[in-house]
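Open the model in your viewer and have the selection tool ready. The tour goes through one sheet, then a whole chain.

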Amino acid sequence: MQEPSDSPISTITLQVNGVDHRLDVEHRWTLLYVLREVLDLTGSKVGCDRAECGACTVLLGDLPVYACQMLAVQAAGRPILTVESLAQDGALDPVQQAFLDEDGGQCGYCSPGFLMTTKALLDSNPDPTEQEIKFALAGNLCRCNAYGRIITAVKAAAAQRKAS
Amino acid sequence: MTLDVVGQKVERRGLREKLTGEARYSADLKLPGMLYGAVLRSPHPHANVLSIDTSAAASQPGVHAIVTPFDVPAGRIDGDLPILDTRVRYEGDEVAAVAADSPERAAEALSLLNVEYEFLPFVLDADAAVQPGAPEIHPGGNLVGGQPISLERGSVEQGFVEADLVLEEEYLVPPHGPAALEPRAALASWEAGKLTVWKSTRGVHPDRAALSRALQLPESDITVIGPYLGAGFGSKDESRTASLAAVLSQRAGRPVRIEFGRREEFVSGRTRHGARIRTKVGVKADGTITAVHTTAYVDCGAYAASGPGVTRRLGQGSLYLYRCPNARYDGHLVYTNRPVGGSYRALGAPQGHFALESTMDRAAETLGMDPLEFRLKNRVPPEGQPGIRTTPADAIVDTQPVEGGIPFSSNGLEQCLIEGASAFGWGAPKQALPDPTRKIGRGMAMLIYRGGPGNRSSADVRLSRDGSINLLVGTMDVGEGAETVLAQLAAETLGVGYDDVNLVSADTSLTPTAPITAGSTATFSTGTAVVQAAGELRDKILELATVGLEVSADQLEARGGHIYVQGAPERRMSLAEVARHIPGDEMTAYAEIVPGSTEYIVNAFGAHFVEVEVDTLTGKVYIRRYVAAHDSGRILSPAAALNQVEGGISQMLGYTLSEELITDGPTGITLNGSFLEHKCPSILDYNDIQVIFADIVDPVGPMGAKSLGEPPCAAVAPAVANAIYDAIGVRIKELPITPDAILHALDPSAGGSA
């Protein structure tokens with residue numbers, strides 16, 4: 001799509017959801033841009049493109065990061081998980097199931113970001129207090145303000161993961 | 001009526017796909033050969049565009065199309081809104097657009113457009129804009145429509161004469177951004193002279209009509225499809241985006257997608273209108289209200305958009321929330337060189353209710369009455385306002401009338417006040433805090449909102465020979481759950497499970513006409529059509545089943561996916577068995593309705609109670625407890641309803657305490673078009689909200705429902721402002737009530753940028 005190139009290009013391996021992709025990327029491309037426009041993984045959303053809303057949150061290793069704030073070349077060779085990785089063969093992840101059961105979203109545009117941040121939270125802190133949930137999710141905006149249902153869903157997901 | 005699906009908790013339609021990432025929103029769509037569109041926006045608040053030199057941009061590699069006001073089709077999106085204009089009227093207004101094969105190249109091309117502007121004087125203040133000699137923003141003057149919207153019942157002049165006490169208060173509300181997390185996007189593609197547009201929309205049929213006007217194409221040559229919407233909050237009016245994408249795509253011969261950036265969404269999207277509102281109330285010593293008169297100066301911004309409707313709606317509370325023979329509203333909508341106001345959730349009601357319910361609190365206090373007691377005494381009763389009906393007997397009653405003499409279809413306002421106050425513990429003593437710098441206060445406000453009847457809508461329900469069911473509606477689910485509720489209504493009527501109804505929505509090539517999802521009307525309008533169409537299909541199914549079950553249709557019942565003989569449930573056929581007897585491929589029923597009632601006003605009601613804690617050292621306000629009691633008729637979908645009320649309140653706590661879109665006076669440039677600077681609530685700001693639904697089944701609404709999406713927004717600001725007053729003893733009459741405003745109120749020599 002970029003002929004001729006306007007910016008330096010490197011060939012990198014991007015490991016997304018367990019699959020290695022050999023890609024020619026412009027250095028100025030963000031991870032979010034490559035996920036969405038090159039790999040067509042559009043679950044990660046563009047809400048602000050400037051680290052204000054969290055709709056693009058993905059996991060880099062164990063850590064939630066804003067994919068709009070990282071260049072694709074920086075993410076080369078590191079394991080990246082997007083929302084598309086959560087459900088396996090149509091079976092929802094417990095975090096997704098809890099958000100579905102508790103109506104933890106309305107328009108859903110923020111949901112992928114909330115899910116990835118929640119997964120990172122529960123992986124590191126399986127039994128968070130409400131205050132810990134709020135602090136962990138403070139970098140994700142929900143403009144439907146479904147916060148009450150989201151908090152309930154995170155608690156339900158924690159309970160579900162403990163039970164299983 | 002026993003209900004199997006309506007009133008039950010069901011899985012929100014589309015939420016599963018949203019959670020897996022499969023759900024595609026407009027900006028997630030791609031087509032082969034697609035180009036990226038970008039819009040050049042005016043850096044000046046008011047200017048003439050004298051010329052645009054496009055040669056440098058056009059010669060760039062990868063640039064495929066450019067559109068300027070000098071070569072754009074002449075049609076209009078709206079009366080005052082061409083696709084592009086040689087006059088720009090606010091900072092952020094559209095000047096030109098380009099399409100290129102990458103976003104970077106599109107941005108680069110914009111920077112190479114050489115525009116010659118002639119600067120014009122600008123005006124940012126509605127009061128100044130109507131003064132003689134003010135810069136004229138559109139031909140014909142800055143007062144939109146040339147005159148105010150003036151409505152009166154009885155005579156307020158007479159009512160004020162009868163009063164023992166007359167209070168007059170003025171309130172200021174700022175513009176703020178709906179800031180839907182999904183920025184606007186539109187993807188346009190042409191094939192054989194016909195246009196298809198996928199866009200963030202709240203109504204595909206109205207958007208098709210706007211594109212038809214703008215591009216001067218017959219509607220039959222245009223398809224508009226609404227993919228998932230990352231919320232609208234009423235703001236995703238047709239702007240110029242889709243028209244620009246269509247023109248660029250036509251010129252380039254390739255699909256073009258335009259996405260807004262975050263600042264574009266704040267500045268060039270649509271805001272809630274700022275306003276200066278004066279409310280005057282006359283009361284007798286016993287607390288009886290004799291007159292209410294509200295005058296509003298509403299800042300329209302640069303284009304009218306839905307400003308007239310918003311301005312009309314701003315007066316509804318003053319005209320109808322309190323029983324009073326004399327009420328008047330004068331709403332002035334004024335063009336300024338600010339970002340364009342639109343129909344942000346609850347359009348006008350939050351502004352009007354802030355002024356009204358603050359003023360009424362003062363009236364109660366002045367009379368020495370408890371705010372709850374004052375409202376219980378004066379609330380509008382089920383029989384409506386005193387007076388004589390002037391609407392002809394066979395005409396559908398306006399849902400926001402002025403006249404008296406018309407009863408409500410249902411009115412749970414008293415129940416909301418009593419049950420809300422009881423759950424809140426309104427009369428219980430306030431807890432004293434050990435820290436004297438922290439003050440607790442309580443406040444309340446009530447609300448009225450039109451109940452849902454909207455424009456003509458329709459529904460198409462189809463049973464296939466294999467027993468599967470399709471429901472086709474033009475309605476756009478804007479994130480609130482319209483698809484969920486409409487599928488529930490269809491399933492309930494047909495006697496099948498919620499998951500048995502496949503719903504197809506918001507595609508002008510497939511679905512019947514629907515109005516925009518606005519004014520909390522989707523459930524009422526399209527829901528009524530769904531119930532009617534599904535009822536007709538059910539009757540046809542019963543008729544078909546008479547052959548197999550050997551009784552007449554009036555002895556049959558559809559329930560649980562079966563057709564039963566009433567009183568003999570063992571005599572039954574499954575719907576799939578019955579469907580095999582359909583003569584053709586499918587059996588269909590279609591209903592087109594004009595919702596509403598010739599006998600009743602249909603309105604929703606509510607009462608909010610809040611306890612705040614004010615830190616007088618920092619000025620920060622904490623919400624300690626919040627109780628919201630609502631009469632929205634029967635609650636069709638309890639989980640979605642709870643989410644709507646909680647979300648609406650939390651969203652409006654932002655309006656009340658932190659949000660304002662600030663346009664710089666000297667330059668006319670909007671300063672804070674970002675989430676960091678336009679402070680929307682985060683999860684850290686959220687505190688539990690107790691939601692109560694009054695036990696009301698409306699006789700007009702579909703299965704007893706009235707509107708729900710917007711009403712929660714109306715009462716938040718006054719309830720919180722009244723509580724802050726109760727806490728600190730100073731009444732703040734301007735939103736947002738920021739820490740700075742609190743500190744300034746407590747000590748006018750300290751803090752305070754006001």
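Start in chain B of this predicted model. Select S22, S23 and S24 of chain B: they form an open sheet of three strands, in the order S22-S23-S24, with antiparallel pairing. Now colour the edges. They are S22 (556-559) and S24 (568-574) of chain B. Each has a single partner strand, so one side of each is left without a neighbour in the sheet. Turn the view along the sheet: on average, neighbouring strands are turned by 35° against each other, direction ignored.

Next, show the backbone of S22(B) and of S23(B), residues 562-565. These two strands run antiparallel, and four bridges join them. As a reminder, strands of a sheet pair through backbone hydrogen bonds, either parallel or antiparallel. Which residue in S23(B) stands opposite Arg559(B)? Pick His562(B).

Keep the sheet on screen and add helix H15 of chain B, residues 522-549. H15(B) lies across S22, S23 and S24 of chain B. Against S22(B), the helix runs at about 120°.

Now switch to chain A. Colour by secondary structure and look for six helices and five strands. Followed along the sequence, the pattern in chain A is β-β-α-β-β-α-β-α-α-α-α. The radius of gyration of chain A is 16 Å, close to the 15 Å that the globule rule gives for 164 residues, so chain A is as compact as a globular protein of that length. Draw a box along the principal axes: the C-alpha atoms of chain A fill roughly 50 × 30 × 25 Å.

Finally, colour chain A by burial. Of its 164 residues, 52% are buried. Then turn on contacts in chain A: among those with a separation of 6 or more, 59% come from residues 24 or more positions apart.

Notes: Residues numbered from 1 in each chain as written. Chains lettered and ligands numbered in written order. Predicted model: local features only at pLDDT ≥ 70, side-chain atom pairs only at ≥ 80, totals over all residues. Rg over C-alpha atoms; globule rule 2.2 N^0.38 Å. Buried ≥ 20, exposed ≤ 12 C-beta atoms within 10 Å, placed from the backbone. Contact = placed C-beta atoms within 7 Å. Pairing = 2+ DSSP bridges. Axes fitted to C-alpha atoms, helices over the stretch in contact; angles between N-to-C directions.
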